[in-house]
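Me: Could you take a close look at the ligand site for me, and then walk outward through the parts around it? I would like one connected account.

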Amino acid sequence: MSVEYKKAMEYIERIYEEQDDPKRLDYVARVSRNDFGSPITDEAARLFKTLIHLVRPKRILEIGTSIGFSTTSMALAARTYGGRITTLEIDSSWAEITKNIFSREGVSDVIDIIVGDASETIKDFEDETFDIVFQDSAKPLYPVMLDDCIRVLRKGGLFLVDNTLFPVRSPKEKWSDSLSKIHDFNEMLLKMPVQSTILPIGTGCTVAVKL
Ligand SMILES: C[S@@+](CC[C@H](N)C(=O)[O-])C[C@H]1O[C@@H](n2cnc3c(N)ncnc32)[C@H](O)[C@@H]1O
């Protein structure tokens, strides 16, 4: 990370220090175990909340719940417009823990967790069911689930994807299996009926609109 970029990031975090709620670090500190899938960054959460206030979604699909930091952040914005979030998680023990986290965070009334392999459970949704689809599950699933993610999204809806700059912004040893899959996904998205871009925040955030 260049010095200039780091300075910009630190400046942004300082500016939003008072406003961010919930904050990633505080949220994580309230979870008793630490063997969970990594939550989105505060800057990604701000981006998603901003987009939710623009789109005013009634239905959001999230793929990859973990401790539900992204889910909670999005739920707080979406509930303003009567929005609900369906979140897909393969790990049943984390799904149970996270249900309790949602209660504690006061958002359980607008969130439904579906336990199972998301590449299977997504098949149960009809075409164009959701206003926003957020992909944040296992990285090798990104290319596998791309068709279904776009299928269940309404035209004009938003497809959000975290970690899409993994090929250039992640510890290669830790994520070696995922890097080529994410690169494949980034190229595949170009051939889908979407207008998209990759924003260099966190480890990369793709924002796409279904045409
Ligand atoms: C990066 S974490 C999600 C973080 C979360 N979105 C947040 O910001 O708080 C990825 C999650 O995807 C889940 N996952 C992995 N493979 C999955 C699959 N096939 N179906 C559903 N969930 C899966 C993992 O168990 C993990 O909890």
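Reply: Happy to help; what follows starts at the ligand and then moves through the helix, loops and individual residues around the chain. Please keep in mind that this is a predicted model.

Let's begin with the ligand itself. The ligand sits in the largest pocket, and 21 residues surround it. Ile 40, Ser 70, Glu 89, Ala 118 and Asp 136 are the closest of these. Some of the polar pairs can be given atom by atom. An oxygen atom of the ligand lies 2.9 Å from a backbone N or O atom of Ile 40. For Phe 69, a backbone N or O atom is 3.0 Å from an oxygen atom of the ligand. Ser 70 takes part through its side chain, with a polar atom 2.8 Å from a nitrogen atom of the ligand. Taken alone, the ligand would expose 610 Å², and the protein buries 88% of that.

Which elements supply at least two residues each to the shell around the ligand? They are α4, spanning 69-78, and β2, spanning 84-89. Helix α4 deserves a moment of its own. Nine of its ten residues are buried, so α4 is largely enclosed by the rest of the structure. Phe 69 and Ser 70, which you have just met at the ligand, are among the buried residues of α4. Thr 71, Thr 72, Ser 73, Met 74, Ala 75, Ala 77 and Ala 78 are buried in this helix too.

Now for the two loops that flank this helix. Ser 66 lies in the loop between β1 (59-63) and α4. With a relative accessible area of 15%, Ser 66 is under the 20% limit and therefore counts as buried. Its backbone is worth a look in your viewer: phi of Ser 66 is near 50°, a positive value in a residue other than glycine. As background, most residues other than glycine have a negative phi.

On the other side, Gly 83 is placed in the loop between α4 and β2. Gly 83 counts as buried because its relative accessibility is 4%. Beyond residues up to four places away in sequence, Gly 83 touches Pro 57, Lys 58, Ala 78 and Val 110. Of these contacts, Ala 78 is one of the buried residues of α4. From Gly 83 to Ile 182 the C-alpha distance is 29 Å, with their positions 99 residues apart in sequence.

Ile 182 comes up again around Lys 139, which is found in the loop between β4 (130-135) and α7 (141-151). Is Lys 139 buried or exposed? At 7% relative accessibility, Lys 139 counts as buried. Its side chain reaches the backbone oxygen of Ser 137 at 2.9 Å, and a polar contact of 2.9 Å also joins the side chains of Lys 139 and Tyr 142. Setting aside neighbours within four places in sequence, Lys 139 is in contact with Asn 163, Phe 166, Ser 178, Lys 181 and Ile 182.

Asn 163, one of those contacts, has a backbone feature of its own. Phi of Asn 163 is near 75°, which is positive in a residue other than glycine. Asn 163 is found in the loop between β5 (153-162) and α8 (166-169), and it counts as buried at 9% relative accessibility.

Next come some places with more modest cover. Asp 117 is in the loop between β3 and α6 (118-121). With a relative accessible area of 31%, Asp 117 is partly exposed. Outside its neighbours up to four places away in sequence, Asp 117 touches Ile 90 and Leu 141. The C-alpha atoms of Asp 117 and Gly 64 are separated by 9.7 Å, and the two are 53 residues apart along the chain.

Ser 108 is found in the loop between α5 (92-105) and β3 (111-115). At 36% relative accessibility, Ser 108 counts as partly exposed. Not counting neighbours within four places in sequence, Ser 108 is in contact with Phe 102 and Ser 103. Its C-alpha atom is 29 Å from that of Lys 210, which is 102 residues away along the chain.

Finally, Asn 100 has its place in helix α5. Asn 100 is exposed, with a relative accessible area of 54%. Asn 100 and Thr 197 are 97 residues apart in sequence and 35 Å apart in space, C-alpha to C-alpha.

Technical notes:
Residues numbered from 1 in each chain as written. Predicted model: local features only at pLDDT ≥ 70, side-chain atom pairs only at ≥ 80, totals over all residues. Heavy atoms only, no water. Helix = DSSP H or I, 4+ residues; strand = E, 2+ residues; numbered from the N terminus. Buried < 20%, exposed > 50% of the residue type's maximum accessible area, 1.4 Å probe, protein only. Contact = heavy atoms within 4.5 Å. Polar contact = N/O pair within 3.5 Å; in protein donor to acceptor, adjacent residues only side chain to side chain. Near = heavy atom within 4 Å. Areas by Shrake-Rupley, 256 points an atom, 1.4 Å probe, with all protein chains shown as cover. 1 Å grid on protein atoms, 1.4 Å probe; cavity = no way out; pocket = protein on both sides within 12 Å on 5 of 7 lines; lining within 4 Å. Sits in = over half its atoms within 2 Å of the grid points.
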